[in-house]
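Let's take a walk through this protein together, starting with the broad view and then stopping at a few places worth a look.

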Amino acid sequence: MTPRRTFLKSVAATLAVPSFPSLLSAQEAKLAAPTRMGFIYIPNGVNLDLWRPTGSGKDYVMSKTLEPLAGLRDQFSVMRGLDHEKAEANGDGAGDHARANASFLTGCQAKKTAGADVRLGESVDQIAAREVGHSTRLASLELSTDPARSSGNCDSGYSCAYQFNLAWINETTPAPAERDPRLVFEKMFGSGNEKEDSRRRAYRKSILDFVNADAQRLQKRLGSTDKGKMEEYLTAVRDVEKRIERAEKFRKEVPEDKRPDGIPDGYGEHIRMMFDLMHLAFQTDTTRVSTFLLAHDGSNRTFPEIGVHSAHHELSHHRSNPQILENIGKIDRFYVEQLAYFLKKMKDTPDGEGSLLDHSMIVYGGAIADGNRHNHDDLPVLLAGKGNGTLAPGRLIEAPKGTPMTNLYLSLLDRMGVKARKVGDSTGVFDKV
């Protein structure tokens with residue numbers, strides 16, 4: 001039994017830790033960098049003129065919206081020509097926003113109902129989680145900045161379950177996302193023993209305090225490189241927890257009837273905190289599959305922190321108004337800035353013989369292209385990471401006209417070692433990535 005296994009035996013119920021090459025055998029070291037899969041959703045379409053790069057292949061010219069990613073150019077590819085045909089009405093009338101959310105990871109047509117008889121299909125993340133989830137504490141991790149909703153009428157006769165959930169376990173059961181960073185953190189690192197967790201919370205003890213002695217003993221057995229890695233990891237966990245506690249402290253100082261749910265005031269800070277948790281979940285191998293709904297499609301959020309005080313959904317019906325399109329571009333760029341923060345953090349995190357981003361496949365995009373037209377073809381999509389050497393980023397990749405988005409998903413599943421016959425309306429593997 002290795003020292004790391006001894007350590008894990010004593011603290012596995014409390015804290016997941018990254019792998020340390022100095023404690024692994026040669027055979028284990030080869031398996032120390034699993035492939036991670038993440039999906040990040042942007043709502044309401046984009047300003048396509050500012051989003052779309054020009055040129056082709058590796059020589060494409062970065063667009064204004066994507067400029068925040070310039071320093072990561074060799075870490076992602078821009079996808080063109082991918083469609084979500086099942087987000088179209090197909091005889092069901094209005095409801096493009098609900099269908100966009102519903103089809104994004106499933107490639108299935110949502111049954112038009114506002115009742116309990118919802119029907120969709122298994123999402124790509126859950127197909128992956130079903131196959132690889134047994135290897136981690138959490139089979140998958142679902143994140144959002146919106147409150148969870150699983151019932152009610154949200155968009156032209158479609159259940160709120162479609163609009164507020166990206167992940168679907170099966171055709172009738174969504175996997176609800178969590179928006180409260182504290183609850184996500186507890187889900188990832190809580191002991192699993194509610195009595196023990198309650199006692200720790202009551203005494204305001206850091207989760208790390210429970211395992212500090214074990215961590216110190218383990219550090220004595222680590223090589224010099226791994227000692228630094230261990231300290232970086234513990235610092236990252238402590239930083240996330242302290243930021244969550246600061247948000248909760250503010251919550252407790254406001255009147256009871258106005259108490260927020262432990263969520264930061266600023267939208268950008270909320271997004272980054274959730275990205276930090278996704279990063280930590282991948283870094284610690286707490287899960288290898290995660291989804292993040294930045295905001296549901298049809299969201300009427302405003303963006304005062306970037307000077308946009310009009311509601312996003314209303315702006316998306318721009319009618320080619322230049323001033324409105326400029327504001328849409330500001331929102332698009334804001335979201336890309338948050339993505340750049342996350343990808344840089346992934347790139348800067350060592351993982352085996354590379355970085356965490358090297359061993360990941362991150363899809364960023366939405367199922368509406370132009371919010372004014374509500375079209376679901378040639379979608380705004382980025383694909384980041386190297387997929388453990390199976391992806392070749394740094395390009396503008398053109399898909400043949402009419403290519404289902406789900407063909408890309410089928411390809412990513414294959415690269416993760418998950419053999420799937422279909423994902424929703426897929427027609428084959430997209431092999432250009």
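Before we set off, one term: a residue counts as buried when its relative accessible area is under 20%, as exposed when that area is over 50%, and as partly exposed in between. Keep in mind, too, that what you have in front of you is a predicted model. With that cut-off, buried residues account for 57% of the protein's 433 residues. The secondary structure adds up to 14 helices and eleven strands. If you take contacts between residues at least 6 apart in sequence, 70% of them link residues at least 24 apart.

Now for the inside. The largest nonpolar core has 98 residues, and the members that touch the most others are Leu69, Leu294, Tyr335 and Tyr364. Helix 13, residues 322-347, supplies the largest share of this core, with eleven residues. There is another core apart from that one, made of ten residues, including Ala98, Cys108, Tyr162 and Trp168. Cys108 has a relative accessibility of 18%, so with the limit for buried at 20% it counts as buried.

Back to Tyr364 for a moment. Which residues does tyrosine 364 touch, if we skip those up to four places away in sequence? Its partners are Ile40, Ile42, Trp51, Leu294, Tyr335, Val336, Leu339, Pro380, Val381 and Leu382. Two of the names there, Leu294 and Tyr335, also appear among the core members that touch the most others.

Next, look at a pair of helices. Helix 7 (residues 181-189) and helix 11 have axes that come within 10 Å and cross at roughly 5°. Angles under 35 degrees count as roughly parallel, and therefore helix 7 and helix 11 are roughly parallel to each other. On the helix 7 side, the contact is made by Pro181, Val184, Phe185, Met188 and Phe189. Helix 11 brings His270, Met273, Met274, Leu277, Leu280 and Ala281. It helps to recall that an α-helix has 3.6 residues a turn, so residues three or four places apart point the same way.

Follow the chain on from helix 11 (267-283) and you enter the loop that leads to strand 8 (289-293), where threonine 286 sits. Is threonine 286 buried or exposed? It is buried, with a relative accessible area of 0%. Its side chain is joined to that of threonine 284 by a polar contact of 2.6 Å.

Another stop is helix 4, residues 96-104, which is home to aspartate 96. Aspartate 96 has a relative accessible area of 16%, so it counts as buried. Its side chain makes a polar contact of 3.4 Å with the side chain of arginine 99. Setting aside neighbours within four places in sequence, aspartate 96 is in contact with Ala87, Asp155, Ile368, His374 and His376. Glycine 298 is 202 residues away from aspartate 96 along the chain, yet their C-alpha atoms are separated by 8.8 Å.

How many disulfides does the protein have? The count is one. Cysteine 154 and cysteine 160 form it, with their sulfur atoms 1.9 Å apart. The torsion about their S-S bond is about 90°, so the disulfide is right-handed. Its two ends are set differently: cysteine 154 is partly exposed at 26% relative accessibility, whereas cysteine 160 is buried at 0%.

Right beside cysteine 160 in the numbering comes serine 159, found in strand 5 (residues 158-159). Serine 159 is buried, with a relative accessible area of 0%. Leaving out residues up to four places away in sequence, serine 159 touches Thr113, Ala114, Gly115, Val118, Ser150, Ser151, Gly152 and Cys154. One of these, threonine 113, is 46 residues away along the chain, with 5.8 Å between the two C-alpha atoms. The side chain of serine 159 also reaches the backbone nitrogen of alanine 161, at 3.1 Å.

We finish at helix 14, residues 405-415, which is mostly covered, as nine of its eleven residues are buried. The buried ones are Met405, Thr406, Asn407, Leu408, Tyr409, Leu410, Ser411, Leu412 and Leu413. After helix 14 comes glycine 417, which has a positive phi, near 85°.

Methods: Residues are numbered from 1 along each chain as its sequence is written. This is a predicted model: local features need pLDDT of at least 70, side-chain atom pairs count only at pLDDT 80 or more; totals for chains, interfaces and linings use all residues. Side-chain values use heavy atoms; hydrogens and water are left out. A disulfide is a pair of cysteine sulfur atoms within 2.5 Å. Buried means under 20% relative accessible area, exposed over 50%, partly exposed in between (1.4 Å probe, protein chains only). Helices (H or I, at least four residues) and strands (E, at least two) are DSSP runs, numbered from the N terminus. A polar contact is a pair of N or O atoms within 3.5 Å; within protein, one must be able to donate a hydrogen and the other to accept it, and residues adjacent in sequence count only if both atoms are side-chain atoms. A nonpolar core is a set of buried Ala, Val, Leu, Ile, Met, Phe, Trp, Tyr and Cys residues joined through side-chain atoms within 4.5 Å. Contact means heavy atoms within 4.5 Å. Axes are lines fitted to C-alpha atoms, for helices over the stretch in contact, and angles run from 0 to 180 degrees between N-to-C directions. Angles under 35 degrees count as roughly parallel, over 145 as roughly antiparallel, 65 to 115 as roughly perpendicular and the rest as oblique.
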